[in-house]
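Let's take a walk through a protein fold together. Please have a look at the chain and its model before reading on.

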Amino acid sequence: MRRRENLLELVWNTVQRGERQFIRAMVLASVLLILMQLSVVRDPLQFYMAVASKVEAPPLELPTLANPALLESVKTWQVTLKAIPAAPIRVLQNGKIIATLAKGEQQIMVESGQIQLDGTGLGQTIRVQVIKKDPQLLEPRQNQLVVLQGNIQNMLVRP
């Protein structure tokens, strides 16, 4: 009879130890999951901009109401864009193609306003990064990423 009690106690102690180990593992997994979730949300503004750029439609082509003499003195800035991986992405401004990122990295001259990155027809996800920009420009930001998934994305250019 004594031997049976020892065997039951041994089984019971083993179950309890296993239960403790399982609870410790679950707590550790929960903490790791929370840390991973927090690392994804490190920049809420970047997340908002990515969602907003997917929702926005391309800008409307409206006739300019400005003085034609002022249009001639449009200031341009230099921006270097890099497509990762290199792909035939067209860069448009004011309805005109100003560059193609087929070689990967391209230095372009842009005006204030918006530029469009046209990745329509591409079957893979392409990231376009701002490598260099004129120091006077507030937008686009240095190292800013735009993700193209076979669509058109807008990028703001402003001094």
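What follows is a short tour of the core, the salt bridges, a pair of strand residues and a surface patch.

A word of care first: this is a predicted model.

**The nonpolar core**

A good place to begin is the inside of the fold. The largest nonpolar core is made up of 21 residues, and those with the most contacts inside it are Leu81, Ile89, Val91 and Leu117. Strands E1 (76-84), E4 (105-111), E5 (113-118), E6, E7 (145-148) and E8 (152-157) each give two or more residues to this core. E1 gives the most, with four residues.

Leucine 117 is a nice residue to click on. Beyond the residues up to four places away in sequence, leucine 117 touches Leu81, Ile89, Arg90, Val91, Val128, Val146, Leu148, Asn151, Ile152, Gln153 and Met155. Three of the names from the core list, Leu81, Ile89 and Val91, are thus found among the residues that leucine 117 touches.

**Two salt bridges**

How many salt bridges does the structure hold? There are two, and they are set out here.

| Acidic residue | Basic residue | Closest N and O atoms |
|---|---|---|
| Aspartate 118 | Arginine 90 | 2.2 Å |
| Glutamate 139 | Arginine 141 | 3.8 Å |

Take arginine 90 and aspartate 118 to begin with. Arginine 90 lies in strand E2 (residues 90-93) and aspartate 118 in strand E5, so this salt bridge ties together parts that are 28 residues apart in sequence. Is aspartate 118 buried or exposed? Its relative accessibility is 5%, so aspartate 118 counts as buried. Arginine 90, at 34%, counts as partly exposed.

The other salt bridge joins glutamate 139 and arginine 141. Glutamate 139 sits in the loop between E6 and E7, yet glutamate 139 is buried, because its relative accessible area of 14% is under the 20% cut-off. Arginine 141 counts as partly exposed, at 29% relative accessibility. Leaving aside neighbours within four places in sequence, glutamate 139 is in contact with Gln144, Leu156, Val157 and Arg158.

**Glutamine 129 and isoleucine 84**

Now turn to strand E6 (residues 126-133), where glutamine 129 lies. Glutamine 129 has a relative accessible area of 19% and is buried, since the cut-off for that label is under 20%. Which side chain does glutamine 129 meet in a polar contact? The partner is asparagine 143, and the contact spans 3.3 Å.

Setting aside neighbours within four places in sequence, glutamine 129 is in contact with Thr80, Leu81, Lys82, Ile84, Asn143, Gln144 and Leu145. Leu81, one of these, also appears among the residues with the most contacts inside the core.

Isoleucine 84 has its place in strand E1 and counts as partly exposed at 27% relative accessibility. Between the C-alpha atoms of isoleucine 84 and glutamine 129 the separation is 7.8 Å, although the two residues are 45 residues apart along the chain. With neighbours within four places left out, isoleucine 84 is in contact with Thr125, Ile126, Arg127 and Gln129.

**A nonpolar surface patch**

Our last stop is on the surface. Phe22, Ile23, Met26, Val27, Leu28, Val31, Leu32, Ile34, Leu35 and Leu38 form a nonpolar patch there. Together they have about 990 Å² of accessible area. Valine 27, one of the patch residues, is found in helix H1 (residues 2-40).

Key
Residues are numbered from 1 along each chain as its sequence is written. This is a predicted model: local features need pLDDT of at least 70, side-chain atom pairs count only at pLDDT 80 or more; totals for chains, interfaces and linings use all residues. Side-chain values use heavy atoms; hydrogens and water are left out. Buried means under 20% relative accessible area, exposed over 50%, partly exposed in between (1.4 Å probe, protein chains only). A polar contact is a pair of N or O atoms within 3.5 Å; within protein, one must be able to donate a hydrogen and the other to accept it, and residues adjacent in sequence count only if both atoms are side-chain atoms. Contact means heavy atoms within 4.5 Å. A nonpolar core is a set of buried Ala, Val, Leu, Ile, Met, Phe, Trp, Tyr and Cys residues joined through side-chain atoms within 4.5 Å. A salt bridge is a side-chain nitrogen of Lys or Arg within 4 Å of a carboxyl oxygen of Asp or Glu. Patches are made of residues with over 30% relative accessible area and no salt bridge: like charges are joined within 9 Å, nonpolar side chains (Val, Leu, Ile, Met, Phe, Trp, Tyr) within 5 Å. Accessible areas come from the Shrake-Rupley method with a 1.4 Å probe; for residues, only the protein chains shown count as cover.
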